[in-house]
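Me: Could you take a close look at the cavities inside this protein for me? I am in my first year, so please explain each term as you go, and add something on salt bridges at the end.

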Amino acid sequence: MVPSRARLLLLSTTAVLAGAFARPASSQIIRGQVLDATDGRTLALAQVMLLPVDGDSVLQGVVASEEGGFELRLRGAGTYRLRAELLGYASVTSLPFHVESRQIRSVELRMDREVIVLSPLTVVAERTESVTMTDVRRRERLGFGTFLFREDLEARSGSRLEEILVASGLTVSHYLHSPENKARGLGGTVADPSSGLIPIPLVSARQAGLRQCYSSIYLNGARVVTGDQLHDSLRVEMALERSFDIFQLRPEEIEAIEIYRGPAQVPAEFGGVGSDCGVVALWSREGRFEWRAANHDPPPARLRVGASIGRQRLSGYLPPEAGVSFEATASVAALSRVGASAFLGLGQFTLPAGVVSYLTQLDEEVPHDVGATTLTLLSAGIGPRVALRQTHRVRPVLSARFLVASRSFSAPTTRNDRPTRFRSRGWGVGLAGALEADLGGRLTAEVTLGWSGYSFAPFPLLAAVWKLHGSRWSGTALQVGASWGLDPRSP
């Protein structure tokens, strides 16, 4: 049994050791807040640093909370200083203060606002013109026409486009749009403001002995209004709507204006249909009214039908001699220059006597000496059609086709007086390039050069021969024709 005095010493030692291990390693704490010295509001996210009493080395650092509070746990007692820094405020350092062992010390740091003076900043802006404006400057140097640029238009800020054109020497007449006027087309302007109809401005020039002459209008290089549209009862409504939209442009939305008063001044870029009465070309500033470019240069009509005739030559194994080909076409413009076309073709060719005899030699009912005969080639197809930019009334057109075809010829038989018809079917592809010349109104003349490749099945009655020799032909054709434009939107 342990003596009572020894037991008391053991208990005291155990308590001391337990207290030593239970006490945290950092029992000295500095708590505080960072405040605005002017109005006393708390400052969030200030950087607070613990410094020794005799130096600037940072012992610890912490960032103040959203409420401006901070807390530092020290390793030991001692004398310290605190420094606070925050953007927009002058840094502040506290006076030295002593922290006792196991002491919680409260500190308040007040910061004065500081105006940060930045070095002067000079912004230099240089405006560069687009490639299209380079072309406008080039045309200006040629000395034809009148040109207005951004600086000229900015000097007339607040004016309407109509006023700017009149000040430049043009005549702007007004057309009052109504169903009655639409039905009879634009024979002249109507100037009766009391009617309550919307007056649509048009750039016009009266010609002696002729009807009113209207200038074509271009926007961003795209033709949107032409004089022939304004004299066509089927297209006048569309032309008037576009002219109305164009005249809503404000000077601050326009980069440049080109004005050509007659065909002698009009450059090649704006030549062609509708340039006889002059051209007004507008260029909008970058990013403005770009949607209008998608509506430009409509085809003379949305729907066209036509016919052509020409010479076609076929090549391959045992082809006929060159013959005459006829073709009927119909095309629909889905966009301003892109559409689809369908065609139906008929070709008449002479199949030489030797070829006919060779092809029919295995048929016992066909005489050996048949002689020459006519081969008929029927084809039909559909494909895309792309019209390029029109220049001086001429427009290049490219088209592709997927087609189905049938070829046939007849040969007499010894069994009866009725000849035997040899026929086979096939398919193919085709490519064509054409030049369309606008003859005025809705009539267009066309010259087409095309190539087609055919893959035919054997003639059923002559399969023994044709299975061995194949049946692929290719053909080239040069055709001339005409087409007539229709507008499905008209009554």
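Reply: Here is a walk through the cavities, followed by the salt bridges and one arginine.

Before we start, please keep in mind that this is a predicted model, in which local features need pLDDT of at least 70, side-chain atom pairs count only at pLDDT 80 or more, and totals for chains, interfaces and linings use all residues. Residues are numbered from 1 along each chain as its sequence is written, and side-chain values use heavy atoms, with hydrogens and water left out.

A cavity is a set of points, on a 1 Å grid over the protein atoms alone, where a 1.4 Å probe fits but cannot get out. Its volume is the space filled by probe spheres set on the points, with grid points joined across faces, edges and corners. Counted this way, there are five cavities of 30 Å³ or more.

The largest cavity holds about 320 Å³ of space. Its lining, meaning residues with an atom within 4 Å of a point, is made of 25 residues, and Thr329, Arg385, Arg401, Glu446 and Thr448 are the closest to the centre. Strands are named E (DSSP runs of at least two residues, numbered from the N terminus) and helices H or I (at least four). Among the elements that give two or more residues to this lining are strand E17 (303-316), strand E18 (323-333) and strand E24 (472-486). E17 gives the most, with five residues. Sorted by class, the lining of the largest cavity has nine nonpolar, ten polar and six charged residues. Here Ala, Val, Leu, Ile, Met, Phe, Trp, Tyr, Cys and Pro count as nonpolar, Asp, Glu, Lys and Arg as charged, and the others, Gly among them, as polar.

Next comes the second largest cavity, with a volume of about 250 Å³. It is lined by 25 residues, and those nearest its centre are Gln312, Glu327, Arg401, Ser452 and Tyr454. Strand E20 (373-387) is one of the elements that give two or more residues to this lining, while E23 gives the most, with six residues. The classes here are eleven nonpolar, twelve polar and two charged residues.

Now for the salt bridges. A salt bridge is a side-chain nitrogen of Lys or Arg within 4 Å of a carboxyl oxygen of Asp or Glu, and the model has 20 of them. In one, Arg81 pairs with Asp56 at 3.5 Å, N to O. This pair links distant parts of the chain, 25 residues apart: Arg81 sits in strand E5 (residues 78-85), and Asp56 in the loop between strand E2 (47-52) and strand E3 (60-63). To describe exposure, buried means under 20% relative accessible area, exposed over 50%, and partly exposed in between (1.4 Å probe, protein chains only). Arg81 is buried because its relative accessibility is 14%, whereas Asp56, at 53%, is exposed. Another bridge joins Glu162 and Arg160 at 3.3 Å, N to O; Glu162 is buried at 15% and Arg160 is partly exposed at 46%. There is also a network of salt bridges that links Asp36, Asp39, Arg41 and Arg113.

Finally, a look at Arg139, which lies in helix H2 (residues 131-141). With a relative accessible area of 5%, Arg139 is buried. Leaving aside neighbours within four places in sequence, its contacts (heavy atoms within 4.5 Å) include Phe144, Glu258, Glu269 and Trp283.

Terms used: 1 Å grid on protein atoms, 1.4 Å probe; cavity = no way out; pocket = protein on both sides within 12 Å on 5 of 7 lines; lining within 4 Å.
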